[in-house]
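Biologist: Please pick one part of this model and take me through it closely. I am a first-year student, and I would like to follow along step by step.

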Amino acid sequence: MTTTKPKVFIARPVPPEVEAYIGRHCTYSKWEGEKPLTSEQLAGHITDVEGLLTAGGRIDAELLDHAPHLKVVSTMSVGYNNFDLVAMKQRGIKGTNTPNVLNDTVADLIIALMLSVARRVPEMDKYVREGSWKRGDNESLFGLDVHHKTLGIIGMGSIGRTVARRAKFGFGMNILYHNRNRNEQGEQEFNASYVTMEELLEQSDFIVLMTPLTEDTHHLIGEAEFSRMKKTAIFINASRGQTVDEEALVRALQNKKIYGAGLDVFEKEPVHPDNPLLSFPNVVLLPHIGSSTEKTRLDMAMQAAENMVSVLQGGTPAGLIRELRD
Ligand code: DGY
């Protein structure tokens with residue numbers, strides 16, 4: 001007996017081995033345009049599919065109305081703030097993401113941002129390249145220590161724990177965290193202290209924001225929060241740009257309320273050349289590359305493909321988004 005393979009659409013480029021895996025289990029078509037496809041283009045490609053593999057791009061009621069057969073949307077990311085969960089739930093469409101596989105890679109990048117801002121690495125690189133290095137010890141180049149300082153993690157999930165492990169055992173840091181729920185595993189493993197948001201903001205030398213973007217966390221860090229931070233605090237955001245009021249961050253930097261910032265994410269991506277954040281030497285900016293190593297991106301794409309196939313075969317993959325479980 002031959003069974004018909006489910007039809008799916010691959011909206012973002014995937015490595016050949018992932019495409020081959022999808023081809024073994026599904027009939028597929030894929031987006032081959034140079035630029036990411038628009039919502040209108042996506043709508044035209046999903047009218048008869050049961051599965052959609054994507055990353056980013058709004059998945060909302062308007063789009064889903066074009067896809068009456070859709071059973072699953074699988075994103076190649078841990079963040080799924082682009083999913084309208086209510087619209088998906090109403091239509092019985094499952095959503096999947098790629099947690100855990102990227103923890104170490106994102107944590108490495110967060111540590112890189114902490115070190116880069118504290119030791120002013122991009123600024124120093126520029127200094128050497130442009131021939132400004134004329135004499136030996138120059139105290140105008142001094143930065144701040146990372147080791148043995150206090151790290152405050154807002155959003156102590158699996159990535160936060162992976163950062164805390166590096167900070168504690170690699171740099172001897174003291175770990176504070178603030179979360180919706182206590183993370184007893186983290187408390188035992190790194191002797192982390194669960195503190196209020198105010199305590200975290202006031203006591204931390206490094207503040208790492210890792211909370212997912214939801215209605216509750218939109219602009220979680222704004223004017224009032226920056227005002228509580230130490231003048232020597234370094235603020236790192238590797239979650240989603242909209243968790244921070246960027247205008248308030250700019251004001252905090254202009255008024256020297258904090259020492260500097262390391263940002264992998266922005267309210268509007270890609271960053272516009274006029275964004276005032278680009279003008280601060282004490283801000284290190286990255287193009288949303290937290291999980292972007294060759295291996296981790298391959299693993300994420302494969303996990304996303306496996307999640308999608310699993311749902312289409314009636315399974316319950318590990319990446320099934322909790323809000324969309326039955
Ligand atoms: C994620 O996986 O959510 C990363 O931020 C890449 O989008």
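Modeller: Happy to! Let us look at an open sheet of seven strands, whose order is β8-β7-β6-β9-β10-β11-β12, with parallel pairing. Keep in mind that this is a predicted model. Start at the edges of the sheet: β8 (193–194) and β12 (283–285) each have a pairing partner on one side only. Now move inward to β9 and β10, which run parallel and are joined by four bridges. To see a pair of partners here, find L209, which stands opposite N237 in β10.

Next, what packs around these strands? In soluble globular proteins, nonpolar side chains tend to be buried together. Here, the largest nonpolar core contains 33 residues, and I110, M114, L151 and I175 have the most contacts inside it. Several elements each supply at least two of its residues: the strands β6 (150–154), β7 (174–178), β9 (206–209) and β10 (234–237), together with the helices α5 (103–118) and α7 (158–171). Of these, α5 gives the most, with nine residues. A second core, separate from that one, has 26 residues, including V195, M229, F235 and L263.

To get a feel for the largest core, zoom in on I110. Leaving aside residues up to four places away in sequence, I110 touches I159, V163, V208, M210, I236 and A238. Among these neighbours, I159 and V163 fall within the range of α7, V208 within β9 and I236 within β10.

For comparison, let us step along the chain to another set of strands, with β3 (residues 51–54) as our guide. On one side, β3 pairs with β1 (residues 7–10) in the parallel sense, over three bridges. In that pairing, V8 has G51 as its bridge partner. β3 also pairs with β4 (residues 72–75), again in the parallel sense, over four bridges. Here G51 stands opposite V72, and L52 stands opposite V73. From β4 you can go on to β5 (residues 94–96), which runs parallel to β4 and is joined to it by three bridges. V72 takes part in this pairing too, with K94 as its bridge partner in β5.

Now look at where the side chains point. In a regular strand, side chains alternate between the two faces of the sheet. In β3, G51 and L53 lie on one side, L52 and T54 lie on the other, and all of them are buried, which leaves both faces covered. β4 can be read in a similar manner: V72 and S74 point one way, V73 and T75 point the other way, and all are buried.

T54 is a good residue to check for yourself. T54 counts as buried because its relative accessible area is 3%, and the cut-off for buried is under 20%. Apart from residues up to four places away in sequence, T54 touches A11, R12, I59, V73, S74, T75 and M76. Three of the names in that list, V73, S74 and T75, belong to β4.

As a last stop, turn to the second largest pocket, with a volume of about 240 Å³. Its lining is made up of E246, E247, V250, E267, K268, V271, H272, N275 and P276. By type, this lining has four charged, three nonpolar and two polar residues.

Conventions. Residues are numbered from 1 along each chain as its sequence is written. This is a predicted model: local features need pLDDT of at least 70, side-chain atom pairs count only at pLDDT 80 or more; totals for chains, interfaces and linings use all residues. Side-chain values use heavy atoms; hydrogens and water are left out. On a 1 Å grid over the protein atoms alone, a cavity is a set of points where a 1.4 Å probe fits but cannot get out, and a pocket is an open set with protein on both sides within 12 Å along at least five of seven lines; lining residues have an atom within 4 Å of a point. Grid points are joined across faces, edges and corners, and a volume is the space filled by probe spheres set on the points. Ala, Val, Leu, Ile, Met, Phe, Trp, Tyr, Cys and Pro count as nonpolar, Asp, Glu, Lys and Arg as charged, and the others, Gly among them, as polar. A nonpolar core is a set of buried Ala, Val, Leu, Ile, Met, Phe, Trp, Tyr and Cys residues joined through side-chain atoms within 4.5 Å. Buried means under 20% relative accessible area, exposed over 50%, partly exposed in between (1.4 Å probe, protein chains only). Contact means heavy atoms within 4.5 Å. Two strands pair if DSSP finds at least two bridges between them.
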